[in-house]
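Subject: Structure handover

Hello,

I am passing on the structure we spoke about. Please look at it first; my notes on what I found follow below.

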Amino acid sequence: MGKDVVLSRVLEQEEERTVSLKNAAAIYDLLSITLGRRGQYIMLSECLERAMKFAFGEFHLWYQVALSMVACGKSAYAVSLLRECVKLRPSDPTVPLMAAKVCIGSLHWLEEAERFAMMVISLGEEAGEFLPKGYLALGLTYSLQATDATLKSKQDELHRKALQTLERAQQLAPGDPQVILYVSLQLALVRQISSAMEQLQEALKVCRDDAHALHLLALLFSAQKHHQHALDVVNMAITEHPENFNLMFTKVKLEQVLKGPEEALVTCRQMLRLWQTLYSFSQLGGLEKDGSLGEGLTMKKQSGMHLTLPDAHDADSGSRRASSIAASRLEEAMSELTVPSSVLKQGPMQLWTTLEQIWLQAAELFMEQQHLKEAGFCIQEAAGLFPTSHSVLYMRGRLAEVKGSLEEAKQLYKEALTVNPDGVCIMHSLGLMLSRLGHKSLAQKVLRDAVERQSTCHEAWQGLGEVLQAQGQNEAAVDCFLTALELEASSPVLPFSIIPREL
């Protein structure tokens with residue numbers, strides 16, 4: 001085909017150019033079907049990019065390239081291509097909707113997402129069945145902006161706009177389970193628990209196995225303090241979605257509340273085993289897709305990576321031995337991981353942050369059992385992945401606090417807050433630590449920042465009340481305690497915001 005391609009835009013050659021373009025488009029379409037089925041999106045995107053020489057003013061080719069970029073994770077590039085597609089076909093609602101989806105999801109470009117959603121809505125009746133999706137995209141954007149906002153007044157305004165917009169989507173598509181789910185989630189975020197539950201029951205009639213809907217149901221049950229019901233729902237959801245770590249983290253929290261840390265640690269061990277399986281699988285997938293033997297050999301070796309939690313039940317020396325064996329195994333595995341340094345960057349980053357969260361969750365449970373050596377080991381493993389992560393610094397601070405090293409804990413909390421200035425848990429712990437060290441007014445300022453940043457955090461209100469009481473401001477302290485009590489009554493085991501908001 002290459003020899004006969006006609007790229008000239010001279011009028012006399014218009015017909016040949018059209019035939020040439022048609023042939024090229026047909027071949028690239030077949031290529032998309034073949035490579036798409038095998039999940040070889042990187043190769044597909046490279047091939048389609050070469051087709052851009054045909055693509056002047058040709059919507060179909062531009063759109064194919066954009067979709068291939070979305071599929072292989074080059075999201076920013078995909079959005080710039082979709083922007084061009086919108087210019088080529090301004091009356092097609094699916095294009096800005098796809099752009100909004102990418103902006104809301106992996107990129108978290110919320111202003112851009114808002115603009116694209118508005119494009120769909122501005123088409124009005126012309127958008128047809130996609131109009132409710134336009135309102136859904138806009139509602140989710142407002143909801144995510146509310147979570148990101150630092151001032152309570154701004155949060156309240158955005159939550160109100162989000163609920164209004166999502167309800168508009170529901171009016172236009174009353175039976176759409178995705179719309180009903182997000183109306184329910186939005187109500188939950190503003191703590192209208194019983195209204196959220198009513199909406200969610202409607203969504204579950206249509207999609208009884210949906211992971212997000214079941215997860216939200218469990219969190220709503222936990223907010224109503226029906227923890228056993230919540231755990232039953234989570235277990236049922238995990239049976240349907242055995243690879244969903246989000247559900248498993250909620251299961252750990254519920255077990256911690258209902259049965260104590262020992263049971264919860266059993267689930268953490270299961271999560272580590274699942275992580276290992278998925279990691280090995282992703283490496284084999286990488287081998288299949290790239291087909292390069294050299295890389296494949298190092299991958300094979302790494303898939304033998306062995307992750308275990310230390311066993312706190314051994315005698316002290318045994319426990320030390322278990323920890324050191326696990327540590328040396330992990331050290332060996334991690335040193336292998338550094339061989340192809342590209343793997344960490346290439347592999348799905350989500351997988352690595354999940355592993356960090358599992359280690360830190362286990363550390364928290366060991367701390368609750370006063371098994372500080374094991375907790376230290378788990379934190380060390382998380383730090384091996386992301387040494388300057390705010391979650392690692394925060395957990396190191398908590399361990400130092402349990403050990404009684406208050407100054408060290410304060411310093412670690414401050415470092416964690418520098419990395420993540422919006423971390424409400426960090427502010428809460430730092431505020432209480434400053435108070436213990438006698439810095440009452442500074443403690444009050446930090447805790448006031450925490451409740452401003454997240455007004456539904458009952459722990460922060462409780463902490464602020466304690467500091468105000470210590471300063472002799474009893475009336476203000478009582479207000480804080482009452483607010484904390486009211487919020488705790490509708491507080492889920494994990495924040496509702498862990499349910500992904502995505503198109």
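Leu200 is a good place to start: beyond residues up to four places away in sequence, Leu200 touches Leu181, Ser184, Ala213, Leu216, Leu217 and Leu220. Leu200 also belongs to the largest nonpolar core, which has 124 residues. Within that core, the residues that touch the most other members are Leu200, Leu216, Leu220, Trp275, Trp359 and Phe496. Helix H18, residues 349-368, supplies the largest share of this core, with 11 residues. There is also a second, separate core of 30 residues, and Val424, Leu434, Ala450 and Cys480 are among its members. As background, nonpolar side chains tend to be buried together in soluble globular proteins.

Please keep in mind that this is a predicted model. The mean pLDDT of the protein is 85, and 84% of its residues reach 70 or more. Two stretches need care. Over residues 287-304 the pLDDT is below 50, and the model gives this stretch 22 contacts beyond near neighbours in sequence. Over residues 314-346 pLDDT also stays under 50, and here the model has 41 contacts beyond four places in sequence. Where pLDDT is low, the predicted coordinates should not be read in detail.

On the overall fold, the protein has 25 helices and 0 strands. Of its 503 residues, 50% count as buried. Among contacts with a separation of 6 or more, 60% are between residues 24 or more positions apart.

The UniProt entry, which is unreviewed, carries the annotation "repeat: TPR" for residues 390-423 and 458-491. In the model, residues 390-423 are 82% helix and 0% strand, and the C-alpha atoms at the two ends lie 9 Å apart. Residues 458-491 are likewise 82% helix and 0% strand. The end C-alpha atoms of residues 458-491 are 8 Å apart.

Helix H24 covers residues 458-470. From first C-alpha to last, its 13 residues reach 18 Å, close to the 18 Å expected at 1.5 Å a residue. What is buried in H24? The buried residues are His458, Ala460, Trp461, Gly463, Leu464, Gly465, Val467 and Leu468. These buried residues pack against helix H22 (424-436), helix H23 (440-453) and helix H25 (474-488). After H24 comes Gly472, with a positive phi near 85°.

Helix H19, residues 372-385, can be described in a similar way. H19 has 14 residues and reaches 20 Å from its first C-alpha to its last, close to the 20 Å expected at 1.5 Å a residue. H19 is mostly covered, with 10 of its 14 residues buried. The buried residues of H19 include Leu372, Phe377, Ile379 and Leu385, and also Glu374 and Glu381.

Some single residues are worth a look.

Glu112 is in helix H6, residues 110-122. Is Glu112 buried or exposed? Its relative accessibility is 15%, so Glu112 counts as buried, the cut-off being under 20%. Apart from neighbours within four places in sequence, Glu112 is in contact with Val79, Arg83 and Cys103. The side chains of Glu112 and Arg83 are joined by a polar contact of 2.4 Å. Ala99 is 13 residues from Glu112 along the chain, and the C-alpha atoms of the two are separated by 8.7 Å.

His159 is in helix H8, residues 152-172. His159 is buried as well, with a relative accessible area of 15%. Not counting residues up to four places away in sequence, His159 touches Ser143, Ala146, Gln186, Leu189 and Val190.

The last two residues were picked for their backbone angles. Most residues other than glycine have a negative phi. His108 has a positive phi, near 55°, and lies in the loop between helix H5 (94-107) and H6. With a relative accessible area of 37%, His108 is partly exposed. Arg191, which is not a glycine either, has a positive phi of about 65°. Arg191 is placed in the loop between helix H9 (177-189) and helix H10 (193-206). At 18% relative accessibility, Arg191 counts as buried.

Regards

How values were computed: Residues are numbered from 1 along each chain as its sequence is written. This is a predicted model: local features need pLDDT of at least 70, side-chain atom pairs count only at pLDDT 80 or more; totals for chains, interfaces and linings use all residues. Side-chain values use heavy atoms; hydrogens and water are left out. UniProt positions are given in the numbering used here, feature names are shortened, and annotations may be inferred rather than shown by experiment. Helices (H or I, at least four residues) and strands (E, at least two) are DSSP runs, numbered from the N terminus. A nonpolar core is a set of buried Ala, Val, Leu, Ile, Met, Phe, Trp, Tyr and Cys residues joined through side-chain atoms within 4.5 Å. Buried means under 20% relative accessible area, exposed over 50%, partly exposed in between (1.4 Å probe, protein chains only). Contact means heavy atoms within 4.5 Å. The expected span of a helix is 1.5 Å times one less than its number of residues. A polar contact is a pair of N or O atoms within 3.5 Å; within protein, one must be able to donate a hydrogen and the other to accept it, and residues adjacent in sequence count only if both atoms are side-chain atoms. pLDDT is the predictor's confidence in each residue, from 0 to 100.
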